[in-house]
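Me: Got a structure I'd like to go through with you, mostly salt bridges and how the parts fit together. Can you take my questions as they come?

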Amino acid sequence: MTKRIFSGIQPTGSAHIGNYLGAIKNWVELQNQYDSVFCIVDLHALTNPEAANQMQKKIFDSTTTLLAAGIDPKKCILFVQSHVHEHTELTWLLNTITPIAELERMTQFKEKSKHLKQSINMGLFDYPVLMAADILLYHTNVVPVGEDQRQHVELARIIARKFNNQFNKTFILPEPLIYKSSARIMSLADPTKKMSKSIPHGCLELTDSPALIKEKIKKAVTDSGNEIKYSPKKPAVVNLMTIYASFSKLSFDQIEKKYKGKGYAQFKDDLAKIIIKELKPFQEKKKALDKKPEQIRKILENGAKKAQSIAQKNLKEIKQKMGLL
Ligand code: AMP
Ligand code: TRP
């Protein structure tokens with residue numbers, strides 16, 4: 001039987017090339033190999049008051065981004081988390097067997113609490129249990145995520161093991177599938193920080209116009225010297241080479257050879273052209289989809305139906321195992 005994967009992405013609206021190369025592109029490939037369930041996790045986003053702004057628009061935008069990038073609703077299940085209420089119901093059930101001490105260990109919770117200080121909400125603390133419910137509800141074998149989510153998948157395994165011991169063997173222990181670290185894209189303004197929306201001028205959005213892409217690449221920081229070389233002493237150049245390699249399929253070796261003696265200006269000029277060319281089909285497709293909100297709504301409705309038919313059956317069994325009537 002084909003193994004099932006489940007993964008989630010927060011509806012942040014527009015996406016940057018880090019999201020694309022680090023996550024979305026993986027999904028597009030995985031949907032061909034696995035029984036794939038992909039979820040836009042709006043309930044997770046609600047734990048962050050800022051992310052919760054204009055949620056409907058962001059959900060639409062995230063959906064058209066995924067579809068334009070090649071996620072195909074005929075090959076996978078694509079749906080919105082809040083459309084399948086079984087996720088929150090299972091969260092409650094799992095809450096009753098999750099030790100608080102495990103949740104207090106979560107790095108992401110500790111990090112986020114630092115920023116939020118006074119306004120830490122209960123949802124933020126319970127976030128990993130909702131994620132475990134997402135995963136376990138579908139008897140998932142494999143969970144593709146970035147390194148930062150490894151601990152949450154580990155917690156899902158702990159909860160699954162505990163449930164199986166306490167009640168009856170019910171859950172498969174899900175395995176994380178960690179995205180390659182070479183797909184980690186750093187800010188164009190500061191190669192020591194991950195590319196993210198929070199550093200706007202170092203962030204290349206998938207929907208940026210050709211002129212803007214050219215300008216951002218031109219302004220991207222470089223290292224001293226003018227050689228295109230893959231070296232730990234040249235983190236900014238390595239980052240640009242990583243983007244180049246990801247969009248062109250050339251290896252780092254091939255890129256070094258190609259630009260031997262040519263300097264940064266030529267390299268950046270070509271890099272901008274490659275990104276513009278590679279993003280063009282995506283941008284055209286997204287623009288077309290953005291004009292068809294009814295079609296998007298239908299796709300998500302169908303996705304939720306398919307997800308729910310699995311979720312409903314599994315949740316019923318889980319409740320029985322727990323001794324509910
Ligand atoms: P975020 O919205 O930051 O949670 O990111 C959504 C997904 O994109 C996550 O699964 C991350 O693994 C991935 N991602 C975010 N930023 C980057 C980046 N700069 N480089 C590579 N992947 C990223
Ligand atoms: N928490 C994940 C993130 O921020 C998103 C997510 C929610 C997820 N539920 C999931 C990922 C289930 C994998 C499986 O990236």
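Me: Which residue does E147 meet in a salt bridge?
Reply: E147 pairs with R150 through their side chains, at 2.9 Å from N to O. A salt bridge here is a side-chain nitrogen of Lys or Arg within 4 Å of a carboxyl oxygen of Asp or Glu. Keep in mind that this is a predicted model: local features need pLDDT of at least 70, side-chain atom pairs count only at pLDDT 80 or more, and totals for chains, interfaces and linings use all residues. Side-chain values use heavy atoms, with hydrogens and water left out, residues are numbered from 1 along each chain as its sequence is written, and chains are lettered from A and ligands numbered from 1 in the order in which they are written.

Me: Is E147 buried or exposed?
Reply: In between: E147 counts as partly exposed because its relative accessibility is 48%. R150 is partly exposed too, at 39%. Buried means under 20% relative accessible area, exposed over 50%, and partly exposed in between (1.4 Å probe, protein chains only).

Me: And how many salt bridges by this rule?
Reply: The count comes to 15. One of them joins E301 and K298, at 3.9 Å from N to O.

Me: Where do E301 and K298 lie?
Reply: Both are in helix α13 (residues 293–321), three residues apart, which is about one turn of the helix. Helices are DSSP runs (H or I, at least four residues), numbered from the N terminus. E301 has 40% relative accessibility, so it counts as partly exposed, and K298 is partly exposed at 49%.

Me: Any network among the salt bridges? Which residues are joined?
Reply: D61, K286 and D290 are joined into one network by salt bridges that share partners. In the D61–K286 pair, the closest N and O atoms are 2.5 Å apart. That pair links distant parts of the chain, with D61 in helix α3 and K286 in helix α12 (residues 263–290), 225 residues apart.

Me: Are D61 and K286 buried or exposed?
Reply: Both are buried.

Me: OK, switching to domains. Where are the bounds?
Reply: Domain 1 covers 4–184 + 293–321, and domain 2 covers 200–288. The bounds come from an automatic or database domain assignment. The domain centres, taken over C-alpha atoms, are 31 Å apart.

Me: What touches what between them?
Reply: On the domain 1 side 15 residues are in contact with twelve residues of domain 2, contact meaning heavy atoms within 4.5 Å. The two domains bury about 1,200 Å² between them, and carbon and sulfur atoms give 67% of that. Buried area is the accessible area (1.4 Å probe) that two parts lose on being put together, summed over both.

Me: Which three residues supply the most on the domain 1 side?
Reply: I17, L21 and A68, with 41% of the area that domain 1 buries against domain 2.

Me: How many salt bridges cross that interface?
Reply: The rule finds one.

Me: Which helix gives the largest share of the domain 1 side?
Reply: That's α3, with six residues. Both α1 (17–30) and α3 (55–69) supply at least two residues each.

Me: Last one, R157. Where is it, and is it buried or exposed?
Reply: R157 is in helix α8 (residues 150–166). It counts as buried because its relative accessibility is 15%. Leaving out residues up to four places away in sequence, R157 touches L173, P174 and E175.
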